[in-house]
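These are my notebook entries on one protein structure. I set down what I looked up, entry by entry.

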Amino acid sequence: MSTDTLVTLAGTTALAGAADGPRICGGDDATDVIGAALGHGVDLVVLPVRRLAVEFFTLRTGVAGEVVQKFVNYRLRLAVVGDISGHVTRSTALRDFVVEANRGGQLWFVDTLAALEERLRVEALRQDAGGR
């Protein structure tokens, strides 16, 4: 099993979860990742889709809410990287959740690390311009 690593994307250092790391099935699992992120002093965690239990993508289970709330409580941003189109196709609630999440700055769903890096680059430019 690989270990989570630090990566720098568009000048932002993040904890990148290993694809074959432990599955995040709820708040307790999220707390383990959060502890590692805080230990490294980063404010962004990047998790591959495959690290998230399938229940995360079925909103009625509450897993997504529990996991995301843990990250919010610790003031950590979370980026989920990978293809979730199959999940989104099956659930309009999830589709709406993803759209809303991607409008904010706390939780993002992106297809690739390159897409995340571009998002971070745009965010940095926006902040440099005074949030406009």
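**Entry 1: Glu123**

In which helix is Glu123 found? I located Glu123 in helix α5, which covers residues 113–128. I note at the outset that the model is predicted.

I then looked up how far Glu123 is covered. Its relative accessibility is 17%, and because buried means under 20%, Glu123 counts as buried. Leaving out residues up to four places away in sequence, I found that Glu123 touches Arg77 and Trp108.

**Entry 2: Leu116**

I stayed with helix α5, since Leu116 has its place there too. Leu116 has a relative accessibility of 0% and therefore counts as buried.

Which residues does Leu116 touch, not counting those up to four places away in sequence? I listed Leu9, Val46, Ala79, Val81, Trp108 and Val110. Trp108 is thus a contact of Leu116 and also of Glu123.

I also looked up a distance from Leu116. Its C-alpha atom and that of Ala10 are separated by 8.9 Å, while the two residues are 106 residues apart along the chain.

**Entry 3: Ala10 and Arg75**

The distance led me to Ala10. I placed Ala10 in the loop between β1 (5–9) and β2 (12–16). With a relative accessibility of 25%, Ala10 counts as partly exposed.

I checked the backbone angle phi next. Most residues other than glycine have a negative phi. Ala10, however, has a phi near 50°, which is a positive value in a residue other than glycine.

Arg75 gave me another positive phi in a residue other than glycine, near 55°. Where does Arg75 lie? I found Arg75 in the loop between α2 (63–73) and β4 (77–81). Is Arg75 buried or exposed? Arg75 is exposed, since its relative accessible area is 72% and the limit for exposed is over 50%.

**Entry 4: the aromatic pairs**

How many aromatic pairs does the count come to? I recorded two aromatic pairs. In the pair of Phe56 and Phe57, the ring centres are 5.1 Å apart and the planes stand at 70°, so the pair is edge-to-face. The reasoning rests on a cut-off, because planes over 60 degrees apart count as edge-to-face. Phe56 counts as buried, at 0% relative accessibility. Phe57 counts as buried as well, at 3%.

Phe97 and Phe109 form an edge-to-face pair too, with 6.1 Å from centre to centre and 65° between the planes. I asked myself which elements hold Phe97 and Phe109. Phe97 lies in helix α4 (residues 92–103) and Phe109 in strand β5 (residues 107–110), so this pair ties together parts that are twelve residues apart in sequence. I then looked up the cover of each ring's residue. Phe97 is partly exposed, with a relative accessible area of 26%, whereas Phe109 counts as buried at 8%.

**Entry 5: His87**

I returned to Phe57 by way of His87. The place of His87 is in helix α3 (residues 85–90). His87 is buried, with a relative accessible area of 17%. Not counting residues up to four places away in sequence, His87 touches Val54, Phe57 and Leu94.

**Entry 6: the protein as a whole**

Last, I looked up the overall values. I counted five helices and five strands in the protein. From the N terminus on, the order of elements is β-β-α-β-α-β-α-α-β-α.

Why does the radius of gyration of the protein agree with that of a compact globule? For 132 residues, a compact globule would have a radius of gyration near 14 Å, and the protein has 14 Å, so the two agree. The C-alpha trace spans about 40 × 30 × 25 Å along its principal axes.

Of the 132 residues, 39% are buried. I also looked at contacts between residues at least 6 apart in sequence, and 68% of these join residues at least 24 apart. The accessible surface comes to about 7200 Å², and carbon and sulfur atoms account for 51% of this surface.

I closed with the charges. The protein carries 14 positive and 16 negative side chains. The centres of these two sets lie 5 Å apart.

Technical notes. Residues numbered from 1 in each chain as written. Predicted model: local features only at pLDDT ≥ 70, side-chain atom pairs only at ≥ 80, totals over all residues. Heavy atoms only, no water. Helix = DSSP H or I, 4+ residues; strand = E, 2+ residues; numbered from the N terminus. Rg over C-alpha atoms; globule rule 2.2 N^0.38 Å. Buried < 20%, exposed > 50% of the residue type's maximum accessible area, 1.4 Å probe, protein only. Contact = heavy atoms within 4.5 Å. Areas by Shrake-Rupley, 256 points an atom, 1.4 Å probe, with all protein chains shown as cover. Lys, Arg positive; Asp, Glu negative; His and termini not counted. Charge placed at Lys NZ, Arg CZ, Asp CG, Glu CD. Phe/Tyr/Trp six-rings, centres within 6.5 Å; stacked < 30°, edge-to-face > 60°.
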